[in-house]
Amino acid sequence: MNHLLNEIAQRSFPDDHDEWPAIQARLDQRRRQLVARRWVLSSACALMGFVLLAATLVVTSRPETVSAESLLDRAGTISDGAATSVHSYHVVATVTLGLAANREAAPIVQHEETWFGGNGRVRQATQTDAWSTLIVSDGTHTWWQVARGASTYVAPADGIRLSDAAYLNPLSESNANIASVIQFLTKSGCGQYGLAPDQTVAGRAAYVVRVTHTLAGSCSNPVQTLAQPRPSPVAATRAGPSKAPPARTDGSAKDSARVVAAPPPSAGQPIIEKPAGASVEAQQVLNSSVVDTFWIDKETFVPLKAVQSLGPKGSSTYEVSSVEYNVALSDSLFQYTPPPGAQQLADAAAIKQRLATQVH
Amino acid sequence: MTDTPEPDQDAIARLRRGDAAGLEPLVRRYQLQALRAAYLVLRDHTLAQDVVQSAFVGAFERIHQFDTSRPFGPWFLKLVLNSALKAAGRRGRETRLDAWPSIEPVEPALGPELAWERAETADQIWAALAQLSPVQRVAIVQRYFLELTEHEMTTALGCPPSTIKARLHAARHRLRALLRPTGPASETTP
């Protein structure tokens with residue numbers, strides 16, 4: 001059996017048969033296939049990488065999607081001295097208040113210069129023809145100084161933010177503090193926000209945000225008075241910094257004095273105070289729509305300009321004339337030394353009280 | 001001065017380093033045995049060559065799976081026979097008997113048992129093998145061509161010994177029946 005099987009096998013494949021050339025050819029073919037497969041794989045990987053890279057470039061090159069509401073929120077946070085991607089900046093601005101009740105008089109102009117040094121270090125000086133204020137914070141302690149006529153008052157104001165400053169100052173004819181205005185709008189939750197085409201302010205590209213809202217400032221409770229008894233500003237100050245903005249007043253000294261006696265309105269309170277026994281017409285004014293426009297730095301979100309409508313009472317314009325980012329600021333800017341002759345009072349409420357007394 | 005053939009282990013070491021030329025001494029040494037075994041199973045010259053060529057290329061590509069402490073030959077022939085079985089299965093049908101020389105009956109005077117041992121021509125065996133299944137042919141090839149023991153067959157095919165025994169028994173029985181002499185002498189008288 002064995003020899004017959006061998007005979008059959010030998011007949012088919014004689015002893016001199018050589019399969020090596022065919023196997024070599026197969027090895028070469030296999031090698032070529034492997035090379036081709038590697039090339040195809042490499043090409044596929046390269047193509048995939050290219051597609052991913054292109055997709056990434058397309059996605060990242062698109063401008064960041066922004067909403068008007070979030071822009072205003074960021075602007076409010078930054079203008080209140082919070083940390084930003086900009087570690088320091090210096091901004092000079094002017095607030096112009098045009099009151100409809102006094103069309104013949106020149107508008108009230110308030111000059112404002114602010115330095116943000118990071119880590120809570122802020123210095124803001126405001127000045128009008130009638131008074132000037134200075135807020136200095138070294139990140140731990142804050143001082144508030146008000147000068148009017150020959151009198152200068154100084155008091156510690158720890159925990160008070162820039163957005164609180166407007167309500168601290170009863171001499172201000174209107175809500176001239178950009179931080180407080182934005183705080184009010186973003187917290188009132190009643191505005192309609194929209195974006196207009198970008199513009200340039202103070203040499204900076206700016207988003208343009210329009211907010212339509214009522215002077216009452218709240219949808220749920222549009223007409224509120226501030227006449228009800230409330231905790232004193234002193235209590236509010238001691239309880240911690242208030243993020244709420246001041247009430248807008250109609251500019252009269254009488255109304256300003258009345259605002260002093262009330263705490264800053266929280267969200268939901270009107271931006272124009274309703275006098276006791278307000279008429280139906282007054283309520284209509286409070287419920288009427290006005291449009292405020294804000295120009296916000298596209299790179300840093302710092303507010304560069306704002307035009308506020310006060311309805312029938314007039315308008316207020318805040319505009320930055322110069323802004324510098326990431327500048328070296330001297331430490332001395334954020335250290336406070338009372339000027340000679342200044343009257344040092346216990347706290348910010350005492351200054352307010354003193355100013356109110358002077359007004360009356 | 002004569003060239004000393006390169007030992008299997010040296011050739012395998014070259015293959016493991018990715019040197020395909022290391023395959024040549026192994027081809028020279030095992031190609032005939034592999035081709036003939038595949039041919040006896042497949043009964044197709046071209047198909048046997050294809051199976052053996054693929055087995056050598058596969059051995060090169062899977063050389064890292066080979067246990068270098070064991071001999072190369074049995075491992076490789078196992079690859080060849082397994083590939084041959086698969087190829088036979090793929091082929092779908094066996095080569096028909098009439099494609100091959102017809103069986104020439106052995107001497108009528110011989111009994112059926114002797115006929116198996118006394119088959120005189122390769123053609124008779126060849127024709128009888130055609131009647132076996134591929135699995136039975138593999139068993140005959142392993143036992144009578146490669147001269148493996150039943151234990152080695154068990155190891156090579158990875159089957160239990162009982163399976164190997166059963167296959168061999170069935171293959172032998174079938175061959176005896178096919179090689180049984182025909183004619184008056186073999187006929188029984190009532």
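# How chains A and B meet

Chain B and chain A bury about 2800 Å² between them, and 65% of that area is on carbon and sulfur atoms. Just three residues, B:Arg36, B:Gln53 and B:Ala122, supply 20% of the area that chain B buries against chain A, more than any other three residues. Keep in mind that this is a predicted model. Here's a tour, starting with chain A and then coming back to the interface.

**Chain A overall**

- Chain A has 360 residues, and 45% of them count as buried.
- If you go through its secondary structure, you'll find nine helices and twelve strands.
- Take the contacts in chain A between residues at least 6 apart in sequence: 63% of them join residues at least 24 apart.
- About 17700 Å² of chain A is exposed, with carbon and sulfur atoms supplying 53% of that.

**Where the two chains touch**

- The size of an interface is often given as the accessible area lost when the parts come together.
- You can also count residues: 35 from chain B are in contact with 24 from chain A.
- Five salt bridges turn up across the interface of chain B and chain A.
- One salt bridge to look for is between the side chains of A:Asp15 and B:Arg36, at 2.6 Å from N to O.
- Polar contacts cross the interface of chain B and chain A too, with 13 residue pairs found where both partners have pLDDT 80 or more.
- On the side of chain B that touches chain A, at least two residues each come from helix 2 (23–42), helix 3 (45–61), helix 6 (122–129) and helix 7 (134–145) of chain B.
- Sort the residues on that side of chain B by type and you get 21 nonpolar, six polar and eight charged.

**A buried spot: A:Ala348**

- A:Ala348 sits in helix 9 of chain A, which covers residues 348–359.
- With a relative accessible area of 1%, A:Ala348 is buried, because anything under 20% gets that label.
- Who's around it? Leaving aside neighbours within four places in sequence, A:Ala348 is in contact with A:Trp144, A:Ala155, A:Pro156, A:Ile160 and A:Leu168.
- A:Ala348 and A:Asp158 are 190 residues apart in sequence, yet their C-alpha atoms are 9.3 Å apart in space.

**Salt bridges to find**

- Side chains of opposite charge can pair when their charged atoms come close.
- Over all chains, the structure holds 16 salt bridges.
- A:Arg11 and A:Glu7 make one of them through their side chains, 3.7 Å from N to O.
- Both A:Arg11 and A:Glu7 are in helix 1 (residues 2–12) of chain A, four residues apart, or about one turn of the helix.
- A:Glu7 counts as partly exposed, at 35% relative accessibility.
- A:Arg204 pairs with A:Glu299 in a salt bridge, with the closest N and O atoms 2.9 Å apart.
- A:Arg204 is in strand 8 (residues 204–214) of chain A, while A:Glu299 is in the loop between strand 9 (289–297) and strand 10 (303–309), so this pair ties together parts that are 95 residues apart in sequence.
- A:Glu299 counts as exposed, at 58% relative accessibility.
- Over in chain B, B:Arg29 forms a salt bridge with B:Asp8, and the closest N and O atoms are 2.1 Å apart.
- B:Arg29 is in helix 2 of chain B and B:Asp8 is in helix 1 (residues 8–16) of chain B, so the pair links distant parts of the chain, 21 residues apart.
- B:Arg29 counts as partly exposed at 33% relative accessibility, whereas B:Asp8 counts as buried at 15%.
- Salt bridges that share partners also join A:Glu7, A:Arg11 and B:Asp123 into one network.

Conventions. Residues numbered from 1 in each chain as written. Chains lettered and ligands numbered in written order. Predicted model: local features only at pLDDT ≥ 70, side-chain atom pairs only at ≥ 80, totals over all residues. Heavy atoms only, no water. Buried < 20%, exposed > 50% of the residue type's maximum accessible area, 1.4 Å probe, protein only. Contact = heavy atoms within 4.5 Å. Areas by Shrake-Rupley, 256 points an atom, 1.4 Å probe, with all protein chains shown as cover. Buried area = accessible area lost by both parts, 1.4 Å probe. Salt bridge = Lys/Arg side-chain N within 4 Å of Asp/Glu carboxyl O. Polar contact = N/O pair within 3.5 Å; in protein donor to acceptor, adjacent residues only side chain to side chain. Nonpolar A, V, L, I, M, F, W, Y, C, P; charged D, E, K, R; others polar.
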